[in-house]
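Here's a small set of exercises to work through with the model open in your viewer. Try each one before you read the solution.

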Amino acid sequence: MGTGNYAIELRELTKTFGDVVANDKVSLALERGEILSLLGENGSGKTTLMNMLSGIYFPDGGEILVDGKPVTIRSPKDAHDLGIGMIHQHFKLVDVLTAAENIILGMKGKGRLDRKAVAREVRAISEKYGFEIDPDQKIYDMSVSQKQTVEIVKVLYRGANVLILDEPTAVLTPQETEKLFDVLRSMKADGKSIIIITHKLREVMEISDKVAVLRKGQYIGTVDTADTDPQRLTEMMVGRSVSLNIERPKTEYQDLRLEVKGLNCRRDDGVKALEDVTFQAMGGEILGIAGIAGSGQKELLESIAGLHKVESGHIFYYPPRPDSDLARTGLHVPTDKAGEELVGKTPTQIHQIGVSLAFVPEDRLGMGLVADMGMVGNMMLKSYQSGKGPLVDRKAPKALAEILKDELEIATPSISTPVRRLSGGNVQKVLVGREIASSPTVLMTAYPVRGLDINSAYTIYDLLNEQKKLGAAVILVGEDLDVLLELCDRIMVLCGGRVSGVVDAAKTTKEEVGLLMTHIPTDREEADA
Amino acid sequence: MSAQHIEHKEPLLRLAKRDDIARPKAWAIRAAAILLALVTGGLIILALGHSPIEVYGSMIGGSLSKGRALRETVKKAIPLLGTALAIAPAFKMKFWNIGAEGQILAGAIAASYFALFWAERLPKTVLLVVMAAAAVIAGGLWGLIPAAFKARWGTNETLFTLMLNYIVLGFVKYLQAGPWGPDLNPNGYPKIPMFAEAALLPKALGVHIGWILVLALTVLMFVYLNYSKHGYEIAVVGESVRTAQYAGMDVPAIVRRTMFLSGGIAGLMGFLQVSGASGSLTENTAGGIGFTAITVAWLAKLDPFVMIAIAALLAVLEKGADTIQTIYTIPASAAEMLTGIILFFMLGCEFFINYRVILRGKGARK
């Protein structure tokens with residue numbers, strides 16, 4: 001087989017950032033009419049590699065061949081001209097324009113804009129591949145999955161033969177993912193080549209013909225999907241064998257810890273974020289919260305932590321029983337039996353009561369950690385006020401940092417190295433570790449394994465289970481439904497800021513949860529079920 | 001195929017951020033920058049028809065030789081260091097206070113009020129303490145205004161602090177021309193009269209005791225920024241307001257408190273200027289110190305102890321520039337150019353400490 005058969009061929013591409021080698025002589029080949037999964041843990045260099053292909057970065061070494069010819073890609077426009085289109089994780093669309101307008105945006109054309117012709121062509125592409133898209137719909141009226149469709153059509157409209165999708169399913173429900181995969185299959189049948197970046201093994205197995213694996217910037221190998229399985233792929237990714245089972249330990253007792261009643265709040269821009277949210281969280285259980293990104297998860301956790309203004313409703317806190325392990329730590333302010341209202345308290349007061357929040361934002365550092373400080377400085381973020389006098393006490397946080405570093409195996413040159421320089425997994429261990437160290441009675445955490453390598457993710461799951469066994473009420477907002485189903489005791493599903501259902505994680509299915517994510521059952525439906 | 005028109009060529013120059021640079025290498029770059037600055041400056045001196053070595057020699061002699069020259073240099077360094085210290089907490093909080101100039105003047109006005117109208121009624125020590133306190137409060141309030149607006153309405157502090165400079169400078173001119181000038185001055189000049197002896201700072205080793213004060217302030221500021229709870233809060237707010245809120249900090253209160261402190265110290269420098277350096281209030285009391293101090297603070301990376309060295313260096317340059325003006329009749333603007341060149345190279349070299357420039361074909365190193 002000659003090189004001319006490859007749609008794309010990468011030869012020994014190298015890219016360094018400072019002293020970090022993001023891609024070390026990575027070679028890769030993609031045939032026409034093929035779906036290739038690019039698999040690798042965070043920081044393995046997947047996105048860097050694709051960014052070189054789509055003209056965002058320029059390689060330090062190596063070459064790129066398109067249809068067998070060496071090319072230079074200096075800008076996204078060069079990539080377009082070569083028929084390479086990338087669909088990024090974060091959409092690049094103009095909200096106030098229509099789908100069709102976004103699709104032609106930035107393209108060179110004749111003086112006059114023929115909207116009808118554009119709409120016609122958009123419809124033709126949609127029909128060909130099975131998209132559902134209305135060219136005249138405005139972006140702000142669209143769901144996340146519709147916006148993604150616009151991005152894909154945009155790339156196709158510009159004549160792309162090679163499509164790169166960066167974690168396209170992260171924002172989709174299981175049903176929407178299925179639809180996307182159908183579209184990808186029909187594009188493949190049409191001779192398009194597709195590279196899909198993902199770390200969800202099940203999807204890799206389902207959609208791709210071949211899997212290319214990267215590890216720490218190195219190219220490990222390419223295998224036919226038919227010849228492999230998740231276990232083997234994980235080993236290629238991690239470099240050694242790992243167990244893929246998540247534990248769900250049973251706890252002896254569960255007592256009511258947190259009760260949210262009729263909670264309403266608005267986002268900063270005035271849009272309603274939570275509507276009449278009511279639920280209970282028990283000590284000794286993990287309550288999962290599922291929902292499409294932006295369904296009110298963040299506002300809910302922040303409201304409980306006192307960081308978000310509550311419009312109306314109540315949040316009651318019930319302390320652990322006096323004979324429980326948690327109560328014995330003696331760290332928590334005793335309250336009367338009726339439950340203590342948290343609405344109206346300051347974040348510091350709520351934290352002192354024992355309600356702790358570890359929120360891992362998209363950029364992982366913007367909130368909860370101070371990037372320029374070392375572990376010590378970050379340990380004292382919530383406790384720096386505790387010592388007497390005007391000076392801060394660094395001894396206690398220093399000791400805590402040392403303990404966490406050893407126990408969680410945090411890889412850092414020293415506990416005073418700025419956390420900005422640590423890898424994502426270690427940053428998250430610092431954050432989650434700090435919250436757990438305050439021995440909370442309610443531990444809320446959002447996306448704690450976001451972007452983590454498999455090993456670190458399992459360490460975090462273990463930490464959460466440990467807190468659950470101690471009797472803490474763990475509230476976990478997660479992205480990966482498979483994980484939620486295995487780890488949690490109950491799952492509450494949010495849909496557009498409302499609770500669409502609370503299900504028993506051991507008995508429910510991914511499909512049921514997926515349905516609840518987009519649809520709030522009416523009373524009758526519930527009665528039928 | 002459309003690929004044909006794209007040549008196989010990489011960009012001529014590329015920049016790569018350095019992750020970490022070895023200390024000796026960073027200092028080598030800085031040394032090279034100063035050397036280059038001296039060479040460039042030397043060319044200008046040559047063009048003016050003088051010998052660079054002689055001119056540089058007299059700059060150093062004129063600012064560092066024992067006695068009067070050295071005392072004058074120290075006198076210039078005191079407010080520079082003090083104002084850089086004042087700016088440090090605000091900058092660490094990423095609150096771009098470029099209003100130190102106005103805060104100095106506000107403090108100077110308040111101190112001058114007591115110097116002009118209370119000198120006879122108070123004992124010397126009490127008078128000086130009252131002047132200092134008034135200067136701190138006035139400077140602090142002048143710093144508090146933009147902070148309060150920023151905390152409440154999110155106004156832009158850079159523009160706000162800059163504009164406040166001109167208001168207070170205008171007020172000084174008004175005082176000079178009216179109520180504190182001809183009305184107080186026996187000969188009717190539009191000038192604020194010299195302070196009475198009681199309102200002047202005592203001297204130590206030939207220079208007003210402000211130098212002891214700013215050195216003490218340096219230590220205090222170092223401890224405040226690095227070891228105090230306030231300093232910790234400032235660092236967190238500067239890094240990320242979201243994180244500060246998440247930690248339960250009252251961000252607006254921290255911003256206001258820090259700006260009061262920043263303005264207060266700047267105001268104190270105003271007191272040192274009128275009571276120590278010049279003995280009266282003029283429109284040149286601040287004289288650009290508030291802006292030069294930004295350079296000092298920035299070059300020192302907000303480290304109080306490094307600020308001592310930078311402030312000294314700038315004072316030497318300034319005093320040296322004065323000297324060569326008189327000796328060689330080099331125009332003031334040319335002398336200032338020399339100072340400017342040195343600063344430009346020093347600030348510019350930080351870029352090369354942070355970034356690596358890669359030439360075409362040199363990319364795949366090692």
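**Exercise 1.** Which residue stands opposite Arg490(A) in E20(A)?

*Solution.* A bit of housekeeping to begin with: this is a predicted model, where local features need pLDDT of at least 70, side-chain atom pairs count only at pLDDT 80 or more, and totals for chains, interfaces and linings use all residues. Residues are numbered from 1 along each chain as its sequence is written, while chains are lettered from A and ligands numbered from 1 in the order in which they are written.

Step 1: find the strands. Helices (H or I, at least four residues) and strands (E, at least two) are DSSP runs, numbered from the N terminus. E19(A) covers residues 490-495, and E20(A) covers 498-504.

Step 2: check the pairing. Two strands pair if DSSP finds at least two bridges between them; here six bridges join E19(A) to E20(A), and the two run antiparallel.

Step 3: read off the partner. Arg490(A) sits opposite Asp504(A).

**Exercise 2.** Work out the strand order of the open sheet that holds E19(A), then find its edges.

*Solution.* Step 1: the sheet has six strands in the order E16-E17-E18-E13-E19-E20 (chain A), with mixed pairing.

Step 2: the edges are E16 (355-359) and E20 (498-504) of chain A, and each of them pairs on one side only.

Step 3: look at the twist. Neighbouring strands are turned by 20 degrees against each other on average, direction ignored. Axes are lines fitted to C-alpha atoms, for helices over the stretch in contact, and angles run from 0 to 180 degrees between N-to-C directions.

Step 4: add the helices. H17 (residues 510-518) of chain A lies across E13, E19 and E20 of chain A, at about 30 degrees to E19(A). Contact there is judged by C-beta atoms, placed from the backbone, that lie within 7 Å. H9(A) lies across E13, E16, E17, E18 and E19 of chain A, running at about 150 degrees to E17(A).

**Exercise 3.** Is E16(A) mostly covered or uncovered?

*Solution.* Step 1: get the cut-offs straight. A residue is buried if 20 or more other C-beta atoms lie within 10 Å of its own, exposed if 12 or fewer, and partly exposed in between, with C-beta atoms placed from the backbone.

Step 2: count. Five of the five residues of E16(A) are buried, so the strand is mostly covered by the definition above.

Step 3: split by face. Val355(A), Leu357(A) and Phe359(A) are on one side, Ser356(A) and Ala358(A) on the other.

Step 4: find the neighbour. E16(A) and E17(A) pair in the parallel sense over five bridges, with Val355(A) opposite Val442(A).

**Exercise 4.** How many strands form the open sheet that contains E12 and E15 of chain A?

*Solution.* Step 1: four strands make it up, in the order E12-E11-E14-E15, with antiparallel pairing.

Step 2: E12 (272-283) and E15 (340-341) of chain A are the edge strands.

Step 3: at the E15(A) end, E14 (residues 312-317) pairs over two bridges, and Phe316(A) faces Glu341(A).

Step 4: H9 (residues 297-304) of chain A lies across E11, E12 and E14, at about 60 degrees to E12(A).

**Exercise 5.** Describe how H3(B) meets H12(B).

*Solution.* Step 1: the axes of H3 (residues 68-92) and H12 (residues 304-328) of chain B come within 8 Å and cross at roughly 140 degrees.

Step 2: name the geometry. That angle makes H3(B) oblique to H12(B); angles under 35 degrees count as roughly parallel, over 145 as roughly antiparallel, 65 to 115 as roughly perpendicular and the rest as oblique.

Step 3: sort the contact residues, which divide into 14 nonpolar, one polar and four charged. Ala, Val, Leu, Ile, Met, Phe, Trp, Tyr, Cys and Pro count as nonpolar, Asp, Glu, Lys and Arg as charged, and the others, Gly among them, as polar.

**Exercise 6.** Is Thr329(B) buried or exposed?

*Solution.* Step 1: Thr329(B) lies in the loop between H12 and H13 (332-354) of chain B.

Step 2: its phi is near 45 degrees, a positive value in a residue other than glycine.

Step 3: Thr329(B) has 9 C-beta neighbours inside 10 Å, so this residue counts as exposed.

Terms used
Two residues are in contact if their C-beta atoms, placed from the backbone, lie within 7 Å.
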